[in-house]
Amino acid sequence: GLFECPSPSAMADDSPPRRERPLKMAERTTPAKLKSTKPPMWSSKVHGVPNKYTPATDLDKRPPKHALVTYDGGAGGRRPLSGGGALQKQDTRLGKPLVEARQVLESNVARMEVELRRNLRELAIESKLHETEKSILIRTFECFDYERSGKVSKSGCAKALKSLGVDLDSYEMDYLFDKYGQDMNRMMPYDVFTNRLFTSKNRILAWTGLKEDAFKGTDAKDELAYNGKIRYAKGKYGSVYTPEDWDPAVAERAKRAPDAHLQLEHAYGYRADDKVLSPNLFYTASREVAYFTAGVGVVFNKESMSQRFFLGHSDDILCLALDPTKNIAATGQRVPQGGLPYVCVWDVNSMRQLQRLDHPKEPGDAAVIAVAFSHDGTFLVSLQSDENH
């Protein structure tokens, strides 16, 4: 018959208490800010409530009666810590800090992560089982997860990392657990650690928050300090991320118009996707080619291989028509954010706007999808894609 081998912890006399069952959603007392502050890659449904609000070591507050000292290596080399902001306690025998500054811990752990990824890569190359770096790391953690809970303690994590050639002291381990997340029992889910270790920093930023739409000139300083994922309006440019070392002062500076100006020299491309429902490529009276790409009207001269541009639109152009003389063009665009769709009438020779015709913003997508001149050029008809057209 089949039987289950007892785990080492089950055979020990001082075995830890049995693992508690997961709390039901109705039983949980989840802090109000849990969603915005839980660690990246952390799932409350899978890993439980993160211990975000009671970190094992508070590195930002200074307790009373603790002297701030560092050790410079010389005889009697105790000197005050410059900058403060770290827990440090004087050791009268060595003059060394008992807890390093947060910046030092962050730097040490970052170097550890680089070294760990390098060691795992070498093991994966040498592996005869064609294992990946992630599978090797998970398998190593499982050796110290006797309860098969998917989580490890600090001592178990330290042993696992040491077996992979990385050694951390207790304070670096405290910082590591605070960075990657731990549950209320000070246990770290090692799948969270593994996934985050091999995830790009941009993807990690996506877990820190989501901002709808770009920064604006009216944003306050605290709004400009946002660092994370930025999602533009639907159907626009997708999502972007702030730089890792984002400085709000850069956004403050960007509010001021630059002294330099850009001038368009060449427009690449030609729009011919399923959003364009009418002809959009024509010869002008001078045998030049009129078309559009993105939000730019283009007149191309085949002889001189040069372009002229009409820049009167604020969003993507979706339609184009020429009048019977082939000297006047009309272009319609999609709905700009916070504005109205409109049609521009312009001269293909001078590229000067002759008229702008604003359209109402009706329910649905109210983009202008077709324009046409009458046979004598005295009338212009436009069609919108909203429910009432």
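Let's start where two helices touch: Leu 120, Arg 121, Leu 123 and Ala 124 in H4 meet Glu 133, Ile 136 and Leu 137 in H5. Meeting here is contact, that is, heavy atoms within 4.5 Å. The helices themselves (H or I, at least four residues), like the strands (E, at least two), are DSSP runs numbered from the N terminus. Before going on, keep in mind that this is a predicted model, in which local features need pLDDT of at least 70 and side-chain atom pairs count only at pLDDT 80 or more, while totals for chains, interfaces and linings use all residues. Residues are numbered from 1 along each chain as its sequence is written, and side-chain values use heavy atoms, with hydrogens and water left out.

Back to our two helices. The axes of helix H4 (residues 102-126) and H5 come within 8 Å and cross at roughly 105°. Axes are lines fitted to C-alpha atoms, for helices over the stretch in contact, and angles run from 0 to 180 degrees between N-to-C directions. That crossing makes H4 roughly perpendicular to H5; the label covers 65 to 115 degrees, with angles under 35 degrees counting as roughly parallel, over 145 as roughly antiparallel and the rest as oblique.

Further along, another helix pair comes up. The axes of helix H6 (residues 154-163) and H7 come within 11 Å, with a crossing angle of roughly 105°, so H6 and H7 are roughly perpendicular to each other. Where they touch, Lys 154, Cys 157, Ala 158 and Leu 161 in H6 meet Met 173, Asp 174, Leu 176 and Phe 177 in H7.

Now for the rings. A search of the whole structure finds 6 aromatic pairs. Rings of Phe, Tyr and Trp (its six-membered ring) pair if their centres lie within 6.5 Å; planes under 30 degrees apart count as stacked, over 60 as edge-to-face and the rest as tilted. One of the pairs joins Phe 141 and Phe 193, edge-to-face, at 5.7 Å centre to centre and 85° between the planes. Phe 141 lies in helix H5 (residues 133-142) and Phe 193 in helix H8 (residues 190-197), so this pair ties together parts that are 52 residues apart in sequence. Are these two rings buried or exposed? Phe 141 is buried, with a relative accessible area of 0%, and Phe 193 also counts as buried, at 0%. Buried means under 20% relative accessible area, exposed over 50%, and partly exposed in between (1.4 Å probe, protein chains only).

Phe 193 has another ring partner. The rings of Tyr 180 and Phe 193 have their centres 4.6 Å apart and their planes at 55°, so this pair is tilted. Tyr 180 sits in helix H7 (residues 170-180) and Phe 193 in helix H8, 13 residues apart, and the pair links distant parts of the chain. Both Tyr 180 and Phe 193 are buried. Put together, ring pairs link Phe 141, Tyr 180, Tyr 190 and Phe 193 into a cluster.

A charge joins in here too: Arg 196 lies over the face of Tyr 180, at 5.1 Å from the ring centre. For this, NZ of Lys or CZ of Arg has to be within 6 Å of the ring centre and within 35 degrees of the ring normal. Elsewhere, the charged end of Arg 356 sits over the ring of Tyr 342, 3.7 Å from its centre.

On to the sheets. Strands E5, E6 and E7, in that order, make an open sheet of 3 strands with mixed pairing; two strands pair if DSSP finds at least two bridges between them. Strand E5 (210-212) and strand E7 (239-241) stand at the edges with a single partner strand each, so one side of each is left without a neighbour in the sheet. Neighbouring strands of this sheet are turned by 25° against each other on average, direction ignored. E5 and strand E6 (residues 229-231) run parallel, joined by 3 bridges, and Leu 210 stands opposite Lys 229 in E6.

There is also an open sheet of 4 strands, ordered E12-E13-E14-E15, with antiparallel pairing. Inside it, strand E13 (residues 328-333) and strand E14 (residues 342-347) pair over 5 bridges, and Ala 329 stands opposite Trp 346 in E14.

Finally, E16 and E17 form a hairpin with 6 residues between them, and Gly 377 in the turn has a positive phi of about 80°.
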